[in-house]
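Student: I would like to go through this structure slowly, one question at a time. Could you help me reason from the overall picture down to single residues?

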Amino acid sequence: MGRGTPERIVDERGYARVKMSGHPHANWGGYVYEHVVIAERALGKPLPPKVVVHHVDRNGANNAHTNLIICENQAYHYLLHLRTRAYVATGDPTKLRCMYCRRYDDANTLRVKRMRKRNGWYTVQCHRDCHTKYERERRRRTLNKDKEIQIGTPRAFLGRNSRHA
């Protein structure tokens, strides 16, 4: 490399990184994503914490300033990906996808549910019929599993931590 041009590498995901030791977004080796540097140059100042740079064409190697969007946080970045997937699949970025049948539909025909996971709450969209069918099947499987344990499995094979032992 010539004097004054930063060292450039491409990581395993296809993103270019440039050597800029001392940069606020540099990793332990002193490398910064090239698209972050380009976005900062376009903005005229360093990017604030939690800001994410999005590639419009979803190609991490295309760092043209016209291909980059500065997102205020990861949630907005996720929304861009969600809408892009809907647009590619249906031609309408406002469509949502049912978590059970995986079909896209209007938001007013889908039911929005809040569900709890170990690390917090999240929302899912589903058709009412799909959810009903899924719950019936889940209950049927659970009942059949309990019947198998009660009828067909000898107590010796259940183990200590089984609720049926």
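Student: What share of the 165 residues of the protein counts as buried?

Tutor: Please keep in mind that this is a predicted model, and that a residue counts as buried when its relative accessible area is under 20%. When that cut-off is applied to the 165 residues of the protein, the share that counts as buried is 24%.

Student: Which pattern does the protein follow when it is read along the sequence?

Tutor: The secondary structure comes to three helices and nine strands, and these elements have to be placed in their order along the chain. Read in that way, the pattern is β-β-β-α-β-β-α-β-β-β-β-α.

Student: In what order do the three strands of the open sheet stand?

Tutor: The pairing in this open sheet is antiparallel, and the edge strands, each of which pairs on one side only, are E1 and E3. Neighbouring strands of the sheet are turned by 35° against each other on average, with direction ignored. The order of the three strands is E1-E2-E3.

Student: Which residue in E3 is the bridge partner of Val-18?

Tutor: Strands of a sheet pair through backbone hydrogen bonds, and the pairing can be parallel or antiparallel. Here E2 and E3 run antiparallel and are joined by three bridges. The partner of Val-18 in E3 is Val-32.

Student: What angle does the direction of H1 make with that of E3?

Tutor: Helix H1 packs on the sheet and touches E1, E2 and E3. Its buried residues also pack against strand E4 (52-55) and strand E5 (68-71). Between the direction of H1 and that of E3, the angle is about 70°.

Student: How many of the ten residues of helix H1 are buried?

Tutor: Helix H1 takes in residues 34-43 and is mostly covered. Its buried residues are Glu-34, His-35, Val-36, Val-37, Ile-38, Ala-39 and Glu-40, so that, with buried meaning under 20% relative accessible area, the number asked for is seven.

Student: Which element gives the most to the largest nonpolar core?

Tutor: The core has nine residues in all, namely Val-18, Val-32, Val-36, Val-37, Ile-38, Ala-39, Leu-47, Val-53 and Leu-68. The element that gives the most to this core, with four residues, is H1.

Student: With which residues is Leu-47 in contact, leaving aside its neighbours within four places in sequence?

Tutor: Leu-47 is itself one of the residues of the largest nonpolar core, and its contacts include core members as well as residues that are not listed there. With the neighbours within four places set aside, the contacts of Leu-47 are His-25, Val-36, Ala-39, Glu-40, Val-53 and Ile-70.

Student: Is Arg-17 buried or exposed?

Tutor: Arg-17 lies in strand E2, where its side chain makes a polar contact of 2.7 Å with the side chain of Tyr-33. Leaving aside its neighbours within four places in sequence, Arg-17 is in contact with several residues, including Glu-7, Ile-9, Asn-27 and Glu-34. Because its relative accessible area is 16% and the cut-off is under 20%, Arg-17 is buried.

Student: Is Lys-50 buried or exposed?

Tutor: Lys-50 has its place in the loop between H1 and E4, and its phi is near 70°, a positive value in a residue other than glycine. Because its relative accessible area is 72%, and exposed means over 50%, Lys-50 is exposed.

Student: How many bridges join strand E8 to strand E9?

Tutor: Strand E8 covers residues 111-117 and strand E9 covers residues 120-126, and the two run antiparallel. A hairpin joins them through two residues, and Met-115 stands opposite Tyr-122 in E9. The number of bridges between E8 and E9 is seven.

Student: What distance separates the C-alpha atoms of Leu-96 and Leu-110?

Tutor: Leu-96 has its place in strand E6, which covers residues 96-97. Not counting residues up to four places away in sequence, Leu-96 touches a set of residues, among them Arg-103, Tyr-104, Leu-110 and Gln-125. Although Leu-96 and Leu-110 are 14 residues apart along the chain, their C-alpha atoms are separated by 7.9 Å.

Technical notes. Residues numbered from 1 in each chain as written. Predicted model: local features only at pLDDT ≥ 70, side-chain atom pairs only at ≥ 80, totals over all residues. Heavy atoms only, no water. Buried < 20%, exposed > 50% of the residue type's maximum accessible area, 1.4 Å probe, protein only. Contact = heavy atoms within 4.5 Å. Pairing = 2+ DSSP bridges. Axes fitted to C-alpha atoms, helices over the stretch in contact; angles between N-to-C directions. Core = buried A, V, L, I, M, F, W, Y, C linked by side-chain atoms within 4.5 Å. Polar contact = N/O pair within 3.5 Å; in protein donor to acceptor, adjacent residues only side chain to side chain.
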